[in-house]
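Colleague: Could you take one part of this predicted model and go through it closely? Please give me its neighbours and its surroundings.

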Amino acid sequence: MSMGKLESFLEKHIEGFFNRKLGSSVEQSEIMKQLERELLHRRKKGRTETVVPNSFYIELTEEDYQRLCVRRFLDDLYIQAEKLVIQNDCFMDEELSITVNSNSTLARGTCVVAAQFTSDEPEEARLSQVECNTIILDKSEFNPPLNLPTEYKTVSLLAVEGPDIDSYLEFGEKQIYIGRRVNNDFILTDTNASRLHAYISYERHRHILYDAESLNGTFVNGRRVVSPQLLRPGDEITIGGTVLLYEVI
């Protein structure tokens with residue numbers, strides 16, 4: 001067994017073994033780690049891009065289900081998955097869906113996290129997710145009683161140079177507009193910026209920068225934006241004399 005495979009085996013099995021022996025509860029951080037491992041394990045690499053699964057299924061003991069399945073926990077799961085897509089320079093197709101269910105047969109201190117592509121999921125499996133003790137976190141169906149927010153903020157823009165230095169904006173799936181207009185999301189006072197200079201859209205769970213036919217152009221890491229520009233953590237967007245840093249928060 002290679003060193004990498006041995007490490008993976010230890011992470012998945014030995015850690016769970018000690019949890020069971022100690023009789024501890026599953027903590028949120030462990031579920032997050034398993035979600036990340038599953039997302040990266042199931043990713044599909046193409047010639048020009050990598051796509052990760054969009055459907056996640058989590059089983060908890062009845063005790064952990066009652067303890068963890070609150071609004072904050074569900075929000076954190078969704079945010080974690082969206083951040084992982086950006087941080088690992090991947091794409092995700094279709095809506096992100098997370099199903100959390102209780103399982104009375106699970107040993108204390110254990111949980112199950114599985115991921116797959118919705119397109120690969122049999123129709124009967126999708127229908128079975130409406131069982132009485134299941135919470136489905138699907139952003140396209142945010143209804144009471146969960147009363148979940150309409151947007152998760154996963155990234156930020158920070159002005160690191162220019163007249164608006166230290167101006168800051170956090171955002172997620174909402175399309176944001178940048179420029180001197182007072183109704184823009186990120187308002188600039190830079191006189192070299194157009195009223196509507198650029199905008200950032202959310203496509204396939206990634207942020208894409210567009211120049212809005214500005215007079216002086218928009219640049220990313222020193223290169224002029226002439227077509228939709230995929231943003232990556234650490235990218236610097238230059239608008240006039242202003243430099244905006246794009247980061248995962």
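**A close look at strand β13**

Modeller: Start with one pair: Leu-209 has Gln-229 in β16 as its bridge partner. Leu-209 belongs to β13, which covers residues 206-211. Keep in mind that this model is predicted.

The pairing with β16 rests on two bridges, and the two strands run antiparallel. β16 itself spans residues 229-230.

Now turn to the other partner, β12. Strand β12 takes in residues 198-203, and six bridges join β12 to β13. This pair is antiparallel too. Two of the residue pairs can be named. Tyr-202 is matched with His-207 of β13. Ser-201 is matched with Ile-208 of β13.

Then there is the turn. β12 and β13 form a hairpin, with two residues between the strands. Here Arg-204 adopts a positive phi, near 55 degrees.

Step back to the sheet. It is open, has five strands and shows mixed pairing. The order reads β11-β10-β12-β13-β16, which places β13 between β12 and β16. The edges are taken by β11 (186-187) and β16. Each has a single partner strand, so one side of each lacks a neighbour in the sheet.

Last, the surroundings of β13. Of its six residues, five are buried, that is, under 20% relative accessible area. β13 is therefore largely enclosed by the rest of the structure.

Note on methods. Residues are numbered from 1 along each chain as its sequence is written. This is a predicted model: local features need pLDDT of at least 70, side-chain atom pairs count only at pLDDT 80 or more; totals for chains, interfaces and linings use all residues. Side-chain values use heavy atoms; hydrogens and water are left out. Buried means under 20% relative accessible area, exposed over 50%, partly exposed in between (1.4 Å probe, protein chains only). Helices (H or I, at least four residues) and strands (E, at least two) are DSSP runs, numbered from the N terminus. Two strands pair if DSSP finds at least two bridges between them.
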